[in-house]
Amino acid sequence: MPENNKKILKFPKDFLWGVSTSAHQIEGGAANDWSCWERSEFRIKNLELRNENPNNYICGLACDSYNRYEEDIKLVKDLNCGAYRLGIEWARIEPEEGKWDRKEIEHYRKVLMNLKANNLKVVLTLWHWTNPIWLADKGGWANKEAVKYFSRYVEFIVNQLGDLVDYWLTLNEPMVYIANGHITGKFPPNKKSIFIARKVFNNLIRAHKTGYGVIHNKYTKAEVSITQLMNYFEPARKWCLVEAGLAKLASWIWNERFLNKIKNELDYIGLDYYFHDRIVWYPPFKKNENKKITDMGWEIYPKGIYYVLKSLAKFKKPIIVMENGLADADDKERVNFIREHLKYVYKAIGGGVSVRGYFYWSLLDNFEWAAGFDPKFGLYEVDRKTFKRTARPSAKMYAEICKNNMIKISNF
Ligand code: BGC
């Protein structure tokens with residue numbers, strides 16, 4: 001369709017455009033429970049059994065962003081973004097229980113000051129699944145003391161870096177952590193037990209609530225949230241009451257339960273959206289049509305973001321899409337993926353949902369946890385040997401969107 005026949009969807013003034021990353025996935029050189037897990041005999045044997053090269057699953061230097069942060073921030077600027085979501089690594093800051101590493105805090109101050117100097121809003125994730133080794137040795141999040149340790153860490157960060165933070169995220173996707181660490185075993189601590197999962201669930205709730213209080217004690221106007229990964233669950237057949245019931249149940253357990261428990265300690269909602277699940281009544285209870293899938297095998301389903309945004313409206317809080325993206329090494333689908341999801345974000349805004357921003361996941365190709373280095377989520381490709389960053393064509397398109405605060409679309 002010729003350009004001038006396309007419809008222009010203009011986003012609200014002050015809409016926040018950004019990109020997201022996390023500490024462990026890009027910094028490199030961390031010593032935490034994940035780096036131990038990646039090198040553990042159990043994990044390596046498992047990978048060898050699957051004929052995988054274990055080196056591909058060891059984070060190592062990741063994108064070397066610990067040293068290349070200035071370059072990364074420049075890339076965020078090149079995208080015309082107004083904000084950058086990044087994480088800090090608890091294990092670096094408190095490598096031994098109760099001992100703070102001043103050098104590391106200085107490092108993070110430099111990073112955040114650089115962001116400020118570049119006029120970028122800072123969205124800071126305090127915990128993105130990785131834990132200090134000493135905490136893991138004490139039983140990690142199954143130990144209720146973890147809440148106390150976490151709030152002490154939050155207090156330290158608030159005092160050291162709080163003046164440079166615009167939006168706080170205490171926890172990243174607690175449900176994904178619980179599911180993979182305690183049900184599927186894809187993540188450390190790989191302690192599969194529903195009882196432990198329950199304890200971790202309760203402790204993460206308490207951790208967010210106390211962290212929220214600590215941040216607000218010093219900064220009464222702080223904007224504090226978590227990120228919640230939400231799937232759009234729909235019955236494969238709408239007329240089938242069992243499938244409709246199961247879809248509702250899944251949505252309650254996975255999307256809503258955690259948020260419900262912390263709804264009084266949320267200044268906004270950080271939403272992560274990647275996929276939908278078509279629920280069937282028979283195992284494995286999910287049957288997607290998979291018309292178009294990403295390199296991770298996830299079905300691309302943009303209108304799901306509209307439904308989850310609508311479902312969040314009842315919380316009556318502003319929402320920021322903190323993650324949305326895809327693994328697409330050839331960059332064939334990315335442009336369309338972003339545009340289509342934004343189209344539905346726009347539609348949700350039009351329908352009265354207060355969406356304040358959109359962050360693409362991710363700035364760079366990075367260490368994709370249990371899936372290692374193969375999935376390529378980045379707007380920038382990263383050479384695994386030289387760490388050279390190269391913009392994919394989609395980076396240019398995203399930069400245009402952020403600059404003009406709009407998308408042009410033919411099918412609206
Ligand atoms: C996580 C990221 C991850 C992304 C893609 C999100 O669930 O927060 O760390 O890389 O999904 O799998």
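What volume does the second largest cavity have? In this predicted model, the second largest cavity comes out at about 30 Å³. Let's begin with that little set of residues and then work outward through the other spaces and two helix pairs.

The walls of the second largest cavity are made by Asp365, Asn366, Phe373, Lys376, Val382 and Arg384. Sorted by class, this lining holds two nonpolar residues, one polar residue and three charged ones. A search through the whole structure for cavities of 30 Å³ or more returns two.

The other one, the largest cavity, holds about 140 Å³ of space. It has 16 lining residues, and those closest to its centre are Ile26, Ser65, Tyr69, Leu86 and Val111. If you would like to trace the walls by secondary structure, look at α1 (23–26), α4 (65–78), β3 (83–87) and α6 (102–117), the elements that each give two or more residues to this lining. Helix α4 provides the largest share, with five residues. By class, the lining of the largest cavity is made of nine nonpolar, five polar and two charged residues.

Now for the open spaces. The largest pocket has a volume of about 1,500 Å³, and 49 residues line it. To find its centre on screen, pick out Val176, Ala179, Asn180, Asn231 and Trp254, the lining residues closest to that point. At least two lining residues come from each of α9 (174–184), α10, α11 and β9 (276–279). The lining of the largest pocket counts 30 nonpolar residues, 10 polar ones and nine charged ones.

Two of those wall elements, α10 and α11, also pack against each other. Helix α10 spans residues 194–218 and helix α11 spans residues 241–261; their axes lie 9 Å apart and meet at an angle of about 45 degrees. That angle makes α10 oblique to α11, and the crossing is right-handed. On the α10 side, the contact involves Phe201, Leu204, Ile205 and Lys209, which meet Arg257, Phe258 and Lys261 of α11. The residues of this contact are four nonpolar and three charged, with no polar ones.

Next comes the second largest pocket, at about 310 Å³. Of its 17 lining residues, Lys292, Pro302, Asn336, Glu340 and Asn411 sit nearest the centre. Both α13 (334–350) and β14 (406–409) give two or more residues to this lining, and α13 contributes the largest share, six residues. Here the classes divide into six nonpolar, three polar and eight charged residues.

Follow α13 a step further and you reach its packing with helix α14, which covers residues 393–404. The axes of α13 and α14 come within 9 Å and cross at roughly 25 degrees, so these two helices are roughly parallel to each other. As α13 passes α14, the crossing is right-handed. From α13, the contact uses Arg334, Val335, Ile338, Arg339 and Leu342, while α14 brings Ser394, Met397, Tyr398 and Ile401. Together, the residues of the α13 and α14 contact fall into six nonpolar, one polar and two charged.

Key. Residues numbered from 1 in each chain as written. Predicted model: local features only at pLDDT ≥ 70, side-chain atom pairs only at ≥ 80, totals over all residues. Heavy atoms only, no water. Axes fitted to C-alpha atoms, helices over the stretch in contact; angles between N-to-C directions. Helix = DSSP H or I, 4+ residues; strand = E, 2+ residues; numbered from the N terminus. Parallel < 35°, antiparallel > 145°, perpendicular 65-115°, else oblique. Left-handed = near helix turned anticlockwise from the far one by under 90°. Contact = heavy atoms within 4.5 Å. Nonpolar A, V, L, I, M, F, W, Y, C, P; charged D, E, K, R; others polar. 1 Å grid on protein atoms, 1.4 Å probe; cavity = no way out; pocket = protein on both sides within 12 Å on 5 of 7 lines; lining within 4 Å. Points joined across faces, edges and corners; volume = space filled by probe spheres on them.
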